[in-house]
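Biologist: I would like to learn how to read a few features of a model. Shall we start with the cysteines?

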Amino acid sequence: MRLKPVNARDLSLETLRLFTGRTPLLTAGDRNICNPMTIGWGGLGELWQKPVCTVYVRQSRYTFQFMESHDYFTVSVLPESCRDALHLCGSKSGRDLDKIAACGLTVRYGAGDAPFFDEAELVLVCRKLYAQDMKPECVIDQAAAEPFYKQGDWHRMYVGEVVEAYQA
C-alpha cells in the first residue's frame, strides 16, 4: 500500500492540469461490482463550505448506472507508467469486459466502499452532493458546446464532497 491518507484541504492541485494534463479514472460501484472510465472534464473547488470534485458522465456510459446507484465515487490519477490501463479504460466498455482485471490494477476501497486503485498517485473519494443534467437550452456559448453534442447524449454533472484523499 503506497497511498497515504491526506487532508483534502491540504492538497495543492492545479485544477486545469489535473483534468487536461492528466487522464483521471472515474470509478463508481462497490465491492461487488464497479466500473472505471477515463474522464477529461472535471473541476475542483469548494461548495457549501466543503471541498468538492465535479465530474461529468454521459447517460449512455456504463459507469452512469453505477454513479446513479451509489452515493460515492472516486477519481484516481494514475502515473504515466499506467498509460495502457488508461487507454483500455477509455476505449472499452465495462459492459463487454472486466476492465480492472484486464488492466491488472489493484483495487482498494474508501468511504462508502468506493473503489479506487493503489497504483494511483492521487485519489479523491467523493460523496455525491448534487447531480443535474446538462441541457442544451442552458448553454450560453453554443459554439463552445456544439462540437461535443452533435449526436446529443448530454452529460449529467455530479458534484461530490471530497471525504477522503490519498497521495503517493
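Modeller: Start with the general idea. A disulfide is a covalent bond between the sulfur atoms of two cysteines. The test here is a pair of cysteine sulfur atoms within 2.5 Å. Keep in mind that this is a predicted model.

Biologist: How many disulfides does the structure hold?

Modeller: Zero. Cysteine 34 is in no disulfide: the nearest cysteine sulfur belongs to cysteine 89 and is 10 Å away. Cysteine 82 is in no disulfide either, with the sulfur of cysteine 103 nearest, 8.7 Å away.

Biologist: Is cysteine 34 buried or exposed? And cysteine 82?

Modeller: Buried means under 20% relative accessible area. Cysteine 34 has 17% relative accessibility, so it counts as buried. Cysteine 82 has 12%, so cysteine 82 is buried as well.

Biologist: Which residues of helix α3 are buried?

Modeller: In α3, residues 83-91, they are Ala85, Leu86, Leu88 and Cys89. Look down the helix axis: these buried residues fall within an arc of 165°, so they line one face of α3. The face turned away from that buried side carries the exposed residues Asp84 and His87.

Biologist: What covers the buried residues of α3?

Modeller: The cover includes strands β2 (25-29) and β3 (34-38), and helix α4 (99-103).

Biologist: Now pockets. How much space lies in the largest pocket?

Modeller: About 420 Å³. The lining has 24 residues, and Met37, Thr38, Ile39, Arg61 and Gly90 are the closest to the centre. β3, β5 (50-58), α2 (62-69) and α3 each supply at least two lining residues.

Biologist: What is the lining of the largest pocket by class?

Modeller: Eight nonpolar, 11 polar and five charged residues.

How values were computed. Residues are numbered from 1 along each chain as its sequence is written. This is a predicted model: local features need pLDDT of at least 70, side-chain atom pairs count only at pLDDT 80 or more; totals for chains, interfaces and linings use all residues. Side-chain values use heavy atoms; hydrogens and water are left out. Buried means under 20% relative accessible area, exposed over 50%, partly exposed in between (1.4 Å probe, protein chains only). Helices (H or I, at least four residues) and strands (E, at least two) are DSSP runs, numbered from the N terminus. The arc is that of the directions from the helix axis to the C-beta atoms. Contact means heavy atoms within 4.5 Å. On a 1 Å grid over the protein atoms alone, a cavity is a set of points where a 1.4 Å probe fits but cannot get out, and a pocket is an open set with protein on both sides within 12 Å along at least five of seven lines; lining residues have an atom within 4 Å of a point. Grid points are joined across faces, edges and corners, and a volume is the space filled by probe spheres set on the points. Ala, Val, Leu, Ile, Met, Phe, Trp, Tyr, Cys and Pro count as nonpolar, Asp, Glu, Lys and Arg as charged, and the others, Gly among them, as polar.
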